[in-house]
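Biologist: I am new to this structure and would be grateful for a close look at a single part of it. Please choose that part, describe it step by step, and then relate it to the rest of the chain.

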Amino acid sequence: MKFKLDFKRLFGAAVDRLFAVGLTDPDSFSLAVRPILEGHADGDIHKAQRLALQGLSDYGHVVKKYSKTFLEGLNDKVSYQCLRVAMAGKETTPVGTSHGLDPNAEGLEILSYLFGFQTPGPVSVHPRVMESAPFRDDSSWQDLYLPPDFASQGVQEFRQNVATYRDGGGETVLLAAVVGVPDTGSSTNAAHRQLQQLISELRDLVDGFVWVPQLSGSKALLTEKAFADTANLMAAEAASRLKLVELPACSEAEQAKHVELADAFLENGGDGVVAVGGLQVERQAVPTPDSWPFETAIKSGGSLANGRQWMIERLRQRHPACFLAACGGFHDGSE
């Protein structure tokens, strides 16, 4: 029998308090809110994203009330209220969204109450539909396994949503996550043409761009030459806008190669690096692999923290003035 509880009627004002705890306490979010959200998503990451954005919108009054203590929560040792960083010519708090949370830039207004900057996307030139977008958690809720592909409503819908936010007075730093998709073969020309179009369509509305080569589906874009060529293209098209690349996570054996990829980007017009994105793994590494519909998966989460820290330290040594963002989320209260 299917039924739906009216939690507002059942718990009254306590619903607001429970929602606030989920916002302000990372452990409560990880152990309670996230499992509930995933349970209602029927195993589909895109549905989970829509549910999260819908919940934030429905409880916008709670979000606004607790926005000043978001991520500080019940821990009086944690505070970044007085901390600001320079980003794309603006001063902002140093905690933001990663791409995937708001793929079509539909939640910019409500998310602006929680985050100093946002990375909406990933956006492609043309709409992309995924019939199946499953995800898996490991047993400790530390790592998440995602499809090696992405869905997007396309740049026109994305641009309209950003324009609506800007026209309404929204001033949050926006770094659009962009993906150019190559055609068949090893040529990167189509991917670069699409990237050029994305930047041209969005540069008057956003503060910068994050190129995400891992989602292109092509190893041809994960070379030093491709990183150098893309940096040159972004420097020409994005002008003064912040130009970043999300560096994929890698094994220890590949770390030196990935440092060289970052070097190529930073030495040819790029401004900085997001370190690091997900780690591509084979199907057998995914929990319950027999039901995983892809040959690979993108693993993200707490197990990548050491590699992320290593890469940040190495890039800071090699490029003292570059812009560095740490990607990976919060996995416990102390983090």
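Modeller: The account below begins with the basis of the values, proceeds to one sheet, and then turns to other places in the chain.

The model is a predicted one, in which local features need pLDDT of at least 70 and side-chain atom pairs count only at pLDDT 80 or more, while totals for chains, interfaces and linings use all residues. Residues are numbered from 1 along each chain as its sequence is written, and side-chain values use heavy atoms, with hydrogens and water left out.

The protein contains 11 helices and 12 strands; these are DSSP runs numbered from the N terminus, with helices (H or I) of at least four residues and strands (E) of at least two. Of its 335 residues, 51% are buried, where buried means under 20% relative accessible area, exposed over 50% and partly exposed in between, for a 1.4 Å probe and protein chains only. Among contacts (heavy atoms within 4.5 Å) with a separation of 6 or more, 70% are between residues 24 or more positions apart.

The part chosen is an open sheet of 4 strands, which pair antiparallel in the order β4-β5-β11-β10. Two strands are taken to pair if DSSP finds at least two bridges between them. The edges of the sheet are β4 (136-137) and β10 (279-282); each has a single partner strand, so one side of each is left without a neighbour in the sheet. The partner of β10 is β11 (residues 296-301), joined to it antiparallel by 4 bridges. One point along this pairing is E282, whose bridge partner in β11 is T296.

Strand β11 also holds K299. This lysine counts as buried because its relative accessibility is 17%. Leaving aside neighbours within four places in sequence, K299 is in contact with D143, L144, Y145, G278, L279, V281 and L304.

The connections around β10 have features of their own. V276 lies in the loop between β9 and β10, and the peptide bond that joins A275 to V276 is cis, with omega about -10 degrees. In the loop between β10 and β11 is T288, which has a positive phi of about 45 degrees although it is not a glycine. T288 counts as exposed because its relative accessibility is 52%.

Another cis peptide bond runs from G121 to P122, with omega near 10 degrees. P122 is in the loop between β3 (117-118) and β4. A second non-glycine residue with positive phi, here about 60 degrees, is A105, found in the loop between β2 (90-92) and α6 (108-111). Its relative accessible area is 3%, so A105 is buried.

Aromatic rings come next. Rings of Phe, Tyr and Trp (its six-membered ring) pair if their centres lie within 6.5 Å, with planes under 30 degrees apart counted as stacked, over 60 as edge-to-face and the rest as tilted. By this rule the count comes to 3 aromatic pairs. W292 and F294 form an edge-to-face pair, 5.7 Å centre to centre with 65 degrees between the planes, and both residues are buried. Elsewhere, ring pairs link W211, F227 and F265 into a cluster.

G270 touches one member of that cluster, F265, as well as A231 and K243, not counting residues up to four places away in sequence. The C-alpha atoms of G270 and F227 are separated by 9.2 Å, although the two residues are 43 apart along the chain. G270 itself is in the loop between α10 (255-266) and β9 (272-275), and counts as buried because its relative accessibility is 11%.

Lastly, helix α4 (residues 45-58) has 14 residues and reaches 20 Å from its first C-alpha to its last, close to the 20 Å expected at 1.5 Å a residue; the expected span is 1.5 Å times one less than the number of residues. The buried residues of α4 are I45, H46, A48, Q49, L53, G55 and L56. Helix α3 (residues 26-40) includes R34, which is buried, with a relative accessible area of 17%. R34 and G22 are 12 residues apart in sequence and 8.9 Å apart in space, C-alpha to C-alpha.
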